[in-house]
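Q: Please take a close look at the surroundings of the ligand in this predicted model, and then at the pockets and cavities elsewhere in the protein. I would like one connected account.

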Amino acid sequence: MNRFENKIALITGSSQGIGAACALRLASEGADIILNGRSYDERGEGLIKQINDMGRRATFLTADVSNPQNVINLVNDAIKSYGQLDILVNNAGVEKNHNFWEVTEQEYDFVMDTNLKGIFFGIQAFVKYCMGANRGGVVVNMSSVHEEIIFPHFAAYCASKGGLKMLTRDLATELAPLNVRINNVAPGAIATPINKHLMETPDLLNNVLKNIPMKKLGEPEDVAALVAFLSSDDAKYVTGSTYFVDGGLTYHYEEQ
Ligand code: NAI
């Protein structure tokens, strides 16, 4: 399938994990890719090589997307790189495990700025470009099952993903006349470096698996497949909602 022939995609936080899988999946279907991370290292270098080997172009742009001006510059630099931008995947995200009463303002800002504020202004820059160039666009936000279900000790994370849920609902209506679609992908527990501690702690892992009807963690590629669908014209009538990729976690029912 070449669903992304002549399309350019920017994927934030794409050095590893879900973002890297999205980059490879979109490239495998024909997209040229702008990778992003806070720093460029051998992971970015390796991804560029893999994408080039597929016959696609790839560029790595460093930017800390928790800073609004940085993310605006990132979007504008991405547009300059290949002369257009069709798909924005807001994937970069962070979490902090803390008792609610111990969270500092700095920790709160770290999570909210990355997971919500940066995304807000990144989408704004992309929409301004779409308006100016008189072309449509697609936004996919990497949310979480925790835009919907609780996660004690991760209050700021839940607040950020809950905010992202409403941002997407709201923008879908405001941006539809501009032919800009926007959706959220909500992963459950996925085997990526963000879950290193979970994967290395059997008791913790077993507790998590109890709540997953499919009894296993998801792979980054499972998430990337959904991102590819939502980014493609197969989803041309799909906007303003959230799509779960969670092995059944969100609405599971434990039989007694
Ligand atoms: P990860 O930690 O493996 O990868 C995230 C990437 O984003 C890293 O390369 C990191 O350096 C980058 N990043 C973080 N802050 C950044 C910033 N300010 N500027 C630029 N890059 C930044 O995490 P993973 O698992 O791949 O997560 C990706 C997204 O999926 C996140 O938004 C996360 O909240 C979401 N998610 C992940 C789940 C999981 O189980 N892995 C479950 C639900 C949601």
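**The ligand site and the empty spaces**

A: In this predicted model, an oxygen atom of the ligand lies 3.1 Å from an N or O atom in the side chain of Arg-38. Another entry in the list of polar approaches involves the backbone, since a polar backbone atom of Ile-190 is 2.8 Å from an oxygen atom of the ligand. The side chain of Thr-192 also takes part, with an N or O atom 2.4 Å from a ligand oxygen. Taken alone the ligand exposes 820 Å², and the protein buries 93% of that area. The elements that contribute two or more residues to the shell around the ligand are α1, spanning 17–28, and α5, spanning 155–175.

The shell itself holds 28 residues, and those that come nearest to the ligand are Asp-64, Asn-91, Tyr-157, Thr-192 and Asn-195. Thr-192 is thus both among these nearest residues and a source of a side-chain polar contact to the ligand. By class, the shell divides into twelve nonpolar, 13 polar and three charged residues.

Turning to the open spaces, the second largest pocket holds about 250 Å³. Its lining is made up of 15 residues, of which Gly-136, Gly-137, Val-138, Asn-179 and Asp-233 lie nearest the centre. Two strands, β5 (137–142) and β6 (180–187), are the elements that give two or more residues to this lining. The lining of the second largest pocket comprises four nonpolar, five polar and six charged residues.

As for enclosed spaces, there are two cavities of 30 Å³ or more. The largest cavity has a volume of about 60 Å³, and its lining includes Lys-96, His-98, Phe-100, Glu-107, Tyr-108, His-153 and Phe-154. The elements giving two or more residues to that lining are α4 (105–133) and α5, with α4 giving the most, three residues. Seven nonpolar, two polar and two charged residues make up the lining of the largest cavity. The helix α5 therefore appears in two settings, as it gives two or more residues to the shell around the ligand and to the lining of the largest cavity.

The second largest cavity has a volume of about 40 Å³, and it is lined by Thr-12, Val-65, Val-71, Asn-90, Ala-92, Thr-114, Gly-118 and Ile-119. Here too α4 gives the most to the lining, with three residues. The lining of the second largest cavity divides into four nonpolar and four polar residues, with no charged ones.

Terms used:
Residues are numbered from 1 along each chain as its sequence is written. This is a predicted model: local features need pLDDT of at least 70, side-chain atom pairs count only at pLDDT 80 or more; totals for chains, interfaces and linings use all residues. Side-chain values use heavy atoms; hydrogens and water are left out. A residue is near a molecule or strand if one of its heavy atoms lies within 4 Å of it. A polar contact is a pair of N or O atoms within 3.5 Å; within protein, one must be able to donate a hydrogen and the other to accept it, and residues adjacent in sequence count only if both atoms are side-chain atoms. Accessible areas come from the Shrake-Rupley method with a 1.4 Å probe; for residues, only the protein chains shown count as cover. Helices (H or I, at least four residues) and strands (E, at least two) are DSSP runs, numbered from the N terminus. Ala, Val, Leu, Ile, Met, Phe, Trp, Tyr, Cys and Pro count as nonpolar, Asp, Glu, Lys and Arg as charged, and the others, Gly among them, as polar. On a 1 Å grid over the protein atoms alone, a cavity is a set of points where a 1.4 Å probe fits but cannot get out, and a pocket is an open set with protein on both sides within 12 Å along at least five of seven lines; lining residues have an atom within 4 Å of a point. Grid points are joined across faces, edges and corners, and a volume is the space filled by probe spheres set on the points.
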